[in-house]
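Visitor: I have a model open on my screen and would like to learn how to read it. Could you walk me through it, one feature at a time?

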Amino acid sequence: MRSRFSIAVLLIVLIAAVFLSGCGHPKQPHVSVPPPPPPESKTEAPAAVPSPKTSTPAEATPTAKPEADTDLAEPVIPADAKPIETQTGLASWYGPPYHNRRGSNGEVYNMHAMTAAHRTFPLGSVARVTNIKTGSIALVRITDRGPFIPGRILDLSLAAARRLDVWQPGVAQVKVELMESGAVPGVLGKWAVQIGGMPQEREAKKLADHLTRRYRTANVLRFKSPAGDWWIRIRVLDDDRDRAQKLAAETATPEGAVFLVRLD
């Protein structure tokens with residue numbers, strides 16, 4: 001009986017010792033640890049790449065070029081066209097102060113168009129011009145009258161002078177071929193005599209008065225050119241070529257020169 005009591009006491013003592021030892025150490029605080037991140041996906045979508053910018057925005061799309069100005073273009077003739085008349089002599093060119101002024105055919109002269117002035121080819125004619133030295137060839141439309149300088153047969157626009165290598169030297173020996181005539185078939189044309197240019201108006205008036213008294217049936221006109229010199233134009237009766245040619249042959253002046261010129 002006593003042995004059982006001793007065993008019971010011993011058990012109580014052991015339980016108490018265990019209890020006291022547990023109370024002697026503080027409890028570990030509970031820490032809330034977040035869950036680990038999910039594993040990275042092996043099929044991760046690539047980052048979006050911005051599309052490259054276009055070099056020209058849509059609103060700045062270039063529009064079609066305007067059509068070329070046909071008035072400035074070189075005339076066109078049939079491939080089988082044959083020369084009607086051929087002349088050889090000096091060609092010069094003219095620009096300011098004649099640019100943007102009205103020419104003999106009624107059009108405003110544009111020195112950037114492929115045109116030329118000739119004394120006798122009908123207005124509206126097409127001529128083929130060849131620079132004898134360089135071989136350059138161009139077609140021009142006759143829109144004006146001139147040149148009124150002895151020895152010269154053609155006055156080119158600036159554009160035609162550049163094409164024919166006449167612009168820099170100023171004058172050049174050329175062959176001029178009338179390829180298309182602007183004359184109306186069966187019409188003889190209107191002809192006159194032009195005298196000039198004279199630097200002083202007083203001299204021009206004196207000569208005009210003399211010619212008016214001498215040729216009573218003629219109409220004598222006196223006018224100033226854009227270059228500043230003075231000119232006289234004599235329109236004979238009926239604008240007849242033979243009368244004009246005869247008057248030109250028998251007229252002389254100490255200033256200026258005498259030219260037979262076609263008006264139409």
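Visitor: Let me begin with Glu177: is Glu177 buried or exposed?

Guide: Look at relative accessibility, where buried means under 20%. This is a predicted model, and in it Glu177 has 8% relative accessibility, so Glu177 counts as buried.

Visitor: Which side chain meets that of Glu177 in a salt bridge?

Guide: For a salt bridge, look for a side-chain nitrogen of Lys or Arg within 4 Å of a carboxyl oxygen of Asp or Glu. Here the side chain of Glu177 pairs with that of Arg128, at 2.9 Å from N to O. The two come from distant parts of the chain, 49 residues apart: Arg128 sits in strand E3 (residues 126-131) and Glu177 in strand E6 (residues 172-180). Arg128 counts as partly exposed because its relative accessibility is 25%.

Visitor: How many salt bridges are there by this rule?

Guide: The count comes to 9 salt bridges. One of them joins Glu203 to Arg202, with the closest N and O atoms 3.2 Å apart. Glu203 is partly exposed, at a relative accessible area of 25%, whereas Arg202 is exposed, at 61%. Another links Asp239 with Arg235, where the closest N and O atoms are 2.7 Å apart. Asp239 has 13% relative accessibility and therefore counts as buried, while Arg235, at 28%, is partly exposed.

Visitor: Back to strand E6, please. In which sense does E6 pair with strand E1?

Guide: When you read a strand pair, ask about its sense and its number of bridges. Strand E1 (residues 85-93) pairs with E6 in the antiparallel sense, over 7 bridges. To find your place on screen, start at Gln87, whose bridge partner in E6 is Val176. E1 also pairs with strand E5 (residues 152-156), this time in the parallel sense and over 4 bridges. There, Leu90 has Arg152 as its bridge partner in E5.

Visitor: How many helices and strands does the protein chain have?

Guide: The protein chain has 4 helices and 10 strands. Followed along the sequence, their order is α-β-β-β-β-β-α-β-β-α-β-β-α-β.

Visitor: And what about contacts between residues far apart in sequence?

Guide: Contacts are sorted by how far apart the partners lie along the chain. Among the contacts in the protein chain with a separation of 6 or more, 75% are between residues 24 or more positions apart. For a single pair to look at, try Gln245 and Leu260: they are 15 residues apart in sequence, and their C-alpha atoms are 6.4 Å apart in space. Gln245 belongs to helix H4 (residues 241-249) and is partly exposed, with a relative accessible area of 40%.

Visitor: Could we take one residue and put these ideas together?

Guide: Happily. Arg262 lies in strand E10 (residues 257-262). Its relative accessible area is 9%, so Arg262 is buried. The side chain of Arg262 makes a polar contact, at 2.6 Å, with the side chain of Asp264. Beyond its neighbours within four places in sequence, Arg262 is in contact with several residues, including Arg119, Arg145, Val187 and Trp191.

Visitor: What share of the residues of the protein chain count as buried?

Guide: Of its 264 residues, 34% count as buried. The accessible surface of the protein chain is about 17,900 Å², with 57% of that belonging to carbon and sulfur atoms.

Note on methods:
Residues numbered from 1 in each chain as written. Predicted model: local features only at pLDDT ≥ 70, side-chain atom pairs only at ≥ 80, totals over all residues. Heavy atoms only, no water. Buried < 20%, exposed > 50% of the residue type's maximum accessible area, 1.4 Å probe, protein only. Polar contact = N/O pair within 3.5 Å; in protein donor to acceptor, adjacent residues only side chain to side chain. Contact = heavy atoms within 4.5 Å. Areas by Shrake-Rupley, 256 points an atom, 1.4 Å probe, with all protein chains shown as cover. Pairing = 2+ DSSP bridges.
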